[in-house]
Amino acid sequence: MSSYQKELEKYRDIDEDEILRTLSPEELEQLDCELQEMDPENMLLPAGLRQRDQTKKSPTGPLDRDALLQYLEQQALEVKERDDLVPFTGEKKGKPYIQPKREIPAEEQITLEPELEEALANATDAEMCDIAAILDMYTLMSNKQYYDALCSGEICNTEGISSVVQPDKYKPVPDEPPNPTNIEEMLKRVRSNDKELEEVNLNNIQDIPIAMLSELCEAMKTNTYVRSFSLVATRSGDPIANAVADMLRENRGLQSLNIESNFISSTGLMAVLKAVRENATLTELRVDNQRQWPGDAVEMEMATVLEQCPSIVRFGYHFTQQGPRARAAQAMTRNNELRRQQKKR
């Protein structure tokens, strides 16, 4: 038996309960604090569990955050500011720095003709700026001043070389005028198969009822003169996409369809793509910028439709997957080549 084990043998028969009974309340409280497992460096635990509770004062009530903030602000206002050791008087001490004048060495001094000396002495800052640009001294001016002096045949710099560069003035771009299309009048012309109506443009009209859009798609089924149908940013959803799909299955005169910037989901886009396969006159289809990404299955279907529909020569969509993008690009190249060969014949 080692000496360490012999030392432990002395504490084998100790009665712990007897020792605890002899401890005072203060000693028991101290022992309880020592036995608590605390981790002050664990930032994942709240502050109350990282250290022992050393507050002896009983709680005065529930936490009132507004009252606490008001009390802290009041205490901060009542605290007197500390007086400066040396009061500030505003007196300036010391001598101001004066940059010494640099004397130009004799070998660096350049003597010009009297006419040039007089011209340079009387030149304005704008003229000096243009001269510096012509001499390719671009380090003395900003990029804007340099290129303005080179590209313009006249003196166009109104600031000097050492002046502060001003930003370009913002040219406000006016908003596009609202779409003046009368939807009810347009619906009547589509139903009557008007010969002069070749384009239906309802872009950016966001208060069109779903029922009216459905009636317009229903009237387009039998129309033979409309060549372009655009519903950009009209807040159209899957019901309108299904109506457009039904229209594509029966219409035989439409050439361009644009349903970009709407709320059409993958289900609605899939219905439109399946209907495109049954339409042989459509040459342009734009379905980009929907509210949510349609998914891989829809992008694969887009590539398949472009491969199976040689009539489509323009397709508007930004692919996110490399596989469908490559297939679609190859199909569009083939479709345009077929169209070019047909025109030659």
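This report walks through the sheet, one helix and some salt bridges of the structure above. Please keep in mind that the model is predicted.

**The sheet**

Let's start with the strands. Five of them form an open sheet with parallel pairing, in the order β1-β2-β3-β4-β5. At its edges lie β1 (199-201) and β5 (314-316), each of which pairs on one side only. On average, and ignoring direction, neighbouring strands of this sheet are turned by 5° against each other. In general, the strands of a sheet pair through backbone hydrogen bonds, either parallel or antiparallel.

For a closer look, take strand β3 (residues 256-258) and strand β4 (residues 284-286): they run parallel and are joined by three bridges. Leu257 is found opposite Leu285 in β4.

**Helix α14**

Next comes helix α14, which covers residues 322-344. Its 23 residues, at 1.5 Å each, should span 33 Å, and because the end C-alpha atoms are 33 Å apart, the model agrees with that expectation. Which residues of α14 are buried? They are Pro324, Ala328, Ala331, Met332 and Asn335. Among the elements that cover these buried residues are α13 (296-308) and the edge strand β5.

**Salt bridges**

The structure holds eleven salt bridges. Here are three of them, with the separation of the N and O atoms:

| Pair | N to O distance |
|---|---|
| Asp194 and Arg189 | 3.0 Å |
| Arg191 and Glu215 | 3.1 Å |
| Glu284 and Arg314 | 3.5 Å |

In the pair of Asp194 and Arg189, Asp194 is partly exposed, with a relative accessible area of 23%. Arg189 is partly exposed too, at 27%.

Arg191 and Glu215 form a salt bridge. Arg191 belongs to helix α9 (residues 183-191) and Glu215 to helix α10 (residues 210-220), so this pair ties together parts that are 24 residues apart in sequence. Arg191 counts as exposed, at 51% relative accessibility, while Glu215 counts as partly exposed at 37%.

The salt bridge between Glu284 and Arg314 takes us back to the sheet. Glu284 lies in strand β4 and Arg314 in strand β5, so the pair ties together parts that are 30 residues apart in sequence. Is Glu284 buried or exposed? Glu284 is buried, because its relative accessible area is 13% and the cut-off for buried is under 20%. Its partner Arg314 counts as partly exposed, at 42% relative accessibility.

Finally, Asp246, Arg249 and Glu278 are joined into one network by salt bridges that share partners.

Note on methods: Residues numbered from 1 in each chain as written. Predicted model: local features only at pLDDT ≥ 70, side-chain atom pairs only at ≥ 80, totals over all residues. Heavy atoms only, no water. Pairing = 2+ DSSP bridges. Helix = DSSP H or I, 4+ residues; strand = E, 2+ residues; numbered from the N terminus. Axes fitted to C-alpha atoms, helices over the stretch in contact; angles between N-to-C directions. Expected span 1.5 Å × (residues − 1). Buried < 20%, exposed > 50% of the residue type's maximum accessible area, 1.4 Å probe, protein only. Contact = heavy atoms within 4.5 Å. Salt bridge = Lys/Arg side-chain N within 4 Å of Asp/Glu carboxyl O.
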